[in-house]
Amino acid sequence: MRFRIITLSCATLFLAMPVYPYGALGHETVGAIADMKLAGTATGAQVTKLLDGITLARASVLADEIKGWDRLKKDQPKPIILKNHPQLQEQLVAFWNANPPTKAKGSDAPTHKEFHYTDVPAVDGSKYVKGNLGTEPYDIVQMIPFCVRVLAGEEPETNDRKITKPVALILLAHYVGDIHQPLHVGNAYFSSAGNLVNPSKGGKSFPDHGGNGFNIILADDKNPKSNPQGDSKSGGKSSGKKSSKSKGNNLHSFWDTDAVVEALNQLEKMIESQPKHKGKATDEEVIAWLANSEPVEWKAKAKSPPTDWAQQWANEILPMSTQAHERLEFSNVTIKNESASGDATEKKMPDGISYTEWSGQRTQEELHKAGWRLAEIIEASLNTKNSEAQKPNSKK
Ligand SMILES: [Zn+2]
């Protein structure tokens, strides 16, 4: 197993972290940017206290790791994922138990997997409007502000979802990454004849669940010689350094993993091309570059509270979701169990940019903004007036 080293602050503290498959590299990158931005600040100290010393980079992958528990029987003990942090582990188990993988019949209780996405139609001019098609009461756009309110003391830690302050921080570290992945927000809808449609124009339509039902076929996949190692379906070709580990050719996984690998390869190349740079760019250099240079247009609307930010971010990324579909040709579409699946083939675009390269460029921007925004939303949540007001010595 390859290990990724993430620097926390001033090159004094290093953590060796395994690279987990399926999106973990993107989440760790976002968490590591926020760790670096908050190092040495009062907010950073509060984060360290709440997370019992684990970093945001490590915390960022836990919401996906507990999905592995969904395969266990209800009362089976959960594997220890936070060995030296028994209280955090206990709180994560309570969170999982309160939001179990399958709904009891007739119950409105959500399942924790629903918290990671929303399915707003990926069509021109689309916006997230609560209650409209593709939104759910407990989707990612609702769960981010829920976590913010818990951290700010506006929602009691004894809430029905069992989201305590440490769990809220763990979930935020993950959800802020997910909401910057276009297929976690926008969703394609197909007619029963298998054509891509705008569902708001009427007629029955079927979702593709964030691309999970589609095989992605890229132009460079057709030439196996372009990938002599055979360990990468699509990522890393334009710069060819990191290898991709996405699950087969699934379109959703492509954006979770291959696009992130491509983005980081592009960043490494950019750093290596600097006049004074020598040798290969390291992971620490990539994180430091992302943490130290301000992303374009990352700030929330003036005076908007942090509970509004998730909706702004969702609306910002929807046009990119639309383009992520428009750059593909859908074929062999079948409708089964109310869901669409089939093949998604890369189109030749007038800009001449390949799907892999384009997705890498967009993902660079998104990871960059997500890291800065994670630090900012944590800071804003922990420093609200209410959180100060909650401190008095109530023993409750
Ligand atoms: Zn997720």
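This dialogue introduces the features of one predicted structure, turn by turn.

Trainee: What should be known about the model and its numbering before the features are read?

Mentor: This is a predicted model, in which local features need pLDDT of at least 70, side-chain atom pairs count only at pLDDT 80 or more, and totals for chains, interfaces and linings use all residues. Residues are numbered from 1 along each chain as its sequence is written, and side-chain values use heavy atoms, with hydrogens and water left out.

Trainee: How many helices and strands does the protein have?

Mentor: Helices (H or I, at least four residues) and strands (E, at least two) are DSSP runs, numbered from the N terminus. Here the secondary structure comes to twelve helices and ten strands.

Trainee: What share of the residues is buried, and what share of the contacts joins residues 24 or more positions apart?

Mentor: Buried means under 20% relative accessible area, exposed over 50%, and partly exposed in between (1.4 Å probe, protein chains only). Of the 396 residues of the protein, 53% count as buried. Contact means heavy atoms within 4.5 Å. Among contacts in the protein with a separation of 6 or more, 65% are between residues 24 or more positions apart.

Trainee: Which residues coordinate the zinc ion?

Mentor: Donors are N, O and S atoms within 2.8 Å of the metal (3.2 Å for Na, K and Ca); water is not among the atoms, so sites may look incomplete. In this model His116 (ND1), His174 (NE2) and Asp178 (OD) coordinate the zinc ion at 2.0 to 2.2 Å. Along the chain, the donors follow the spacing H-x57-H-x3-D. His116 lies in the loop between helix H5 (86-98) and strand S3 (120-121), and His174 lies in helix H7, so the pair ties together parts that are 58 residues apart in sequence.

Trainee: Are these two histidines buried or exposed?

Mentor: His116 counts as buried because its relative accessibility is 2%. His174 also counts as buried, at 0% relative accessibility.

Trainee: How many cavities of 30 Å³ or more does a search of the whole structure find?

Mentor: Rolling a probe the size of a water molecule over the atoms shows where empty space is left. On a 1 Å grid over the protein atoms alone, a cavity is a set of points where a 1.4 Å probe fits but cannot get out, and lining residues have an atom within 4 Å of a point. Grid points are joined across faces, edges and corners, and a volume is the space filled by probe spheres set on the points. The search finds one cavity of 30 Å³ or more, with a volume of about 180 Å³. Of the 17 residues that line this cavity, Gly177, His180, Gln181, Val260 and Leu367 are the closest to its centre.

Trainee: Which elements give two or more residues to the lining of the largest cavity?

Mentor: They are helix H1 (24-38), helix H7 (165-178), helix H8 (251-272) and helix H11 (355-382). The largest share, four residues, comes from H11. For the classes, Ala, Val, Leu, Ile, Met, Phe, Trp, Tyr, Cys and Pro count as nonpolar, Asp, Glu, Lys and Arg as charged, and the others, Gly among them, as polar. By class, the lining has seven nonpolar, seven polar and three charged residues.

Trainee: Which residues of helix H2 are buried?

Mentor: In H2 (residues 42-50), the buried residues are Thr43, Gly44 and Val47. Seen down the helix axis, they fall within an arc of 100° (taken from the directions from the helix axis to the C-beta atoms), so they line one face of H2. The face turned away from this buried side carries the exposed residues Ala42 and Lys49. The buried residues of H2 pack against H1, helix H3 (56-59), H7 and H11.

Trainee: Which residue just after H2 takes a positive phi?

Mentor: Most residues other than glycine have a negative phi. Asp52, just after H2, takes a positive phi of about 55°, although Asp52 is not a glycine. Asp52 is in the loop between H2 and H3 and is partly exposed, with a relative accessible area of 43%. Lys162 likewise has a positive phi, near 55°; Lys162 is found in the loop between helix H6 (140-152) and H7.

Trainee: Where is Lys369 found, and which residues does Lys369 touch?

Mentor: Lys369 is found in helix H11 and is buried, with a relative accessible area of 10%. Not counting residues up to four places away in sequence, Lys369 touches His180, Pro295, Val296, Glu297, Trp298 and Glu316.

Terms used. 1 Å grid on protein atoms, 1.4 Å probe; cavity = no way out; pocket = protein on both sides within 12 Å on 5 of 7 lines; lining within 4 Å.
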